[in-house]
Amino acid sequence: MNEGRSMTEERPDAEVILRDFFRSELPSPWPPFRHPVEVAPQKSQPAWGRSHVGLAASVLVLVAGLGAGSLLLRSDTTARPDEPLLKDAKKPSAPGKMHKAPPAIAPMPEKLDEKNDAPFSLAYPGYR
Amino acid sequence: MTSRPRAVPDRSAEFDALYERHSREAWAVAYARHLDADQAMDVAQETFLRLWRQWQAGEQILNPRAWLLRVARNLAEDHAKSAFRRNGTQGPTTLSGLHGREQMPLEKLIKHEQFARVRALLKGLPAADCEILTLKYALDYDSTVIAELLDINTSAVHMRLSRARQRLAERLTAQGVV
């Protein structure tokens, strides 16, 4: 089966090919000029303003929190080494002896959020 | 809020007329450099954008046509250099060898093949010859107009045109295209 051109068929002229080629390359339809679109400048704080203020505020809060925490620790550590840190805690027992059982958890008030009643009682069977 | 900036008032119509008359020429000189139609269009748009900005800045251009072609050539050259920096001597691989799912009609395939060969041959020609060929065959300009546009004499246009056509015809014949 001869799918190609026959020998007698006239081959296209170079002129025709060149014209067809360049015409096919030319954009069609010809696009209009793309006018630039300018965005109106927005009134805003300087880019560094807000972010720096926020950063400074965060750092201050962090430092304040650390400072307060360290002050608390210092006031507590002025006690003697053998004294417990927490006021209500008992003296540490001698090594080898069992600790006594911790005090029973104080019962919660009777009236609770009704929604949480059932699950709470299940978690703590001794609780009424 | 966006707005379309205005050139100097009363010159918008003049600008549009210049675009209508010379944008294809700017495209043609850019195309001759790369043989890439889309890139040439980007260059042409950028060229006119620069003109727009010049007018906004209050600059006077005595010969807009010559200015536009000069800027288009420079931009196309810059683009070629940046493409060389990106890709080296090897251009980006194209998908010309990729077969689509649908089979192209035979005539279209033959045409596609012919054009690929023409493009490859054109790339071997000097950019100045490609310019003349593009102006002649894409825009259908005669030798007098081409000579005026390129600021050369008509005999030079004839000579370059004849030489380029002869070279292309020989190679296309050798490849069995013509």
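**Entry 1. The interface of chains A and B**

I looked up the area buried between chain A and chain B in this predicted model. The value is about 3400 Å², and carbon and sulfur atoms give 65% of that area. On the side of chain A, I noted that F22(A), W30(A) and F33(A) lose the most area to chain B. Together these three residues account for 22% of what that side buries.

I then asked how many residues of each chain are in contact with the other chain. I found 29 residues of chain A in contact with 42 residues of chain B.

**Entry 2. Polar pairs across the interface**

I turned to the polar side of the interface. Between chain A and chain B, I recorded 14 residue pairs in polar contact. I also recorded five salt bridges across the interface. I looked up the pair E25(A) and R119(B), whose side chains meet in a salt bridge with an N to O distance of 3.2 Å.

Which elements of chain A give two or more residues to the side that touches chain B? I found α1 and β1, the latter covering residues 38-39. The largest share of that side, 11 residues, comes from α1(A).

**Entry 3. A cis peptide bond in chain A**

I checked the peptide bond from S28(A) to P29(A) and found that it is cis, with omega near 0°. I placed P29(A) in the loop between α1 and β1 of chain A.

**Entry 4. The layout of chain B**

I listed the secondary structure of chain B and obtained seven helices and one strand. Read from the N terminus, the order of these elements is β-α-α-α-α-α-α-α. Chain B has 178 residues, of which 42% count as buried. I also looked at contacts in chain B between residues at least 6 apart in sequence, and 68% of these join residues at least 24 apart.

**Entry 5. Helix α2 of chain B**

I compared the expected and the modelled span of helix α2 of chain B, which covers residues 37-56. At 1.5 Å a residue, its 20 residues should span 28 Å, and the end C-alpha atoms are 29 Å apart, so the two values agree.

Which residue caps the N-terminal end of α2(B)? I found D36(B), with a side-chain oxygen 3.1 Å from the backbone nitrogen of D38(B). After the helix comes G58(B), whose phi is positive, near 85°.

Within helix α2 of chain B, I looked up Q45(B). Is Q45(B) buried or exposed? I recorded Q45(B) as buried because its relative accessible area is 4%, under the 20% limit. Beyond its neighbours within four places in sequence, Q45(B) is in contact with P31(A), P32(A), F33(A), R34(A) and Y19(B).

**Entry 6. The largest nonpolar core**

I noted the general tendency of nonpolar side chains to be buried together in soluble globular proteins. I then looked up the largest nonpolar core, which has 61 residues. The members that touch the most other members are F22(A), W27(B), F48(B), L51(B), L122(B) and L133(B). From chain A, α1 (14-25) supplies at least two residues of this core. From chain B, each of α1 (12-34), α2, α3 (64-87), α4 (106-123), α5 (127-137), α6 (143-150) and α7 (154-174) also supplies at least two.

I followed W27(B) further, leaving aside its neighbours within four places in sequence. In chain A, W27(B) is in contact with E25(A), L26(A), P27(A) and W30(A). In chain B, W27(B) is in contact with A37(B), A40(B), M41(B), A44(B), T134(B) and A138(B).

**Entry 7. Two loop residues with positive phi**

I looked up D140(B), in the loop between α5 and α6 of chain B. D140(B) has a positive phi of about 60° although it is not a glycine. I classed D140(B) as partly exposed because its relative accessibility is 47%, and that value lies between the 20% and 50% limits.

I next looked up D151(B), in the loop between α6 and α7 of chain B. The phi of D151(B) is near 60°, again a positive value in a residue other than glycine. With a relative accessible area of 70%, D151(B) is exposed, as the limit for that class is over 50%.

**Entry 8. The segment after α7 of chain B**

I ended with V177(B), in the segment after α7 of chain B. V177(B) counts as buried because its relative accessibility is 5%. I also looked up the C-alpha atoms of V177(B) and K111(B), which are separated by 9.9 Å. Along the chain, these two residues are 66 residues apart.

How values were computed. Residues numbered from 1 in each chain as written. Chains lettered and ligands numbered in written order. Predicted model: local features only at pLDDT ≥ 70, side-chain atom pairs only at ≥ 80, totals over all residues. Heavy atoms only, no water. Helix = DSSP H or I, 4+ residues; strand = E, 2+ residues; numbered from the N terminus. Expected span 1.5 Å × (residues − 1). Polar contact = N/O pair within 3.5 Å; in protein donor to acceptor, adjacent residues only side chain to side chain. Core = buried A, V, L, I, M, F, W, Y, C linked by side-chain atoms within 4.5 Å. Buried < 20%, exposed > 50% of the residue type's maximum accessible area, 1.4 Å probe, protein only. Contact = heavy atoms within 4.5 Å. Buried area = accessible area lost by both parts, 1.4 Å probe. Salt bridge = Lys/Arg side-chain N within 4 Å of Asp/Glu carboxyl O.
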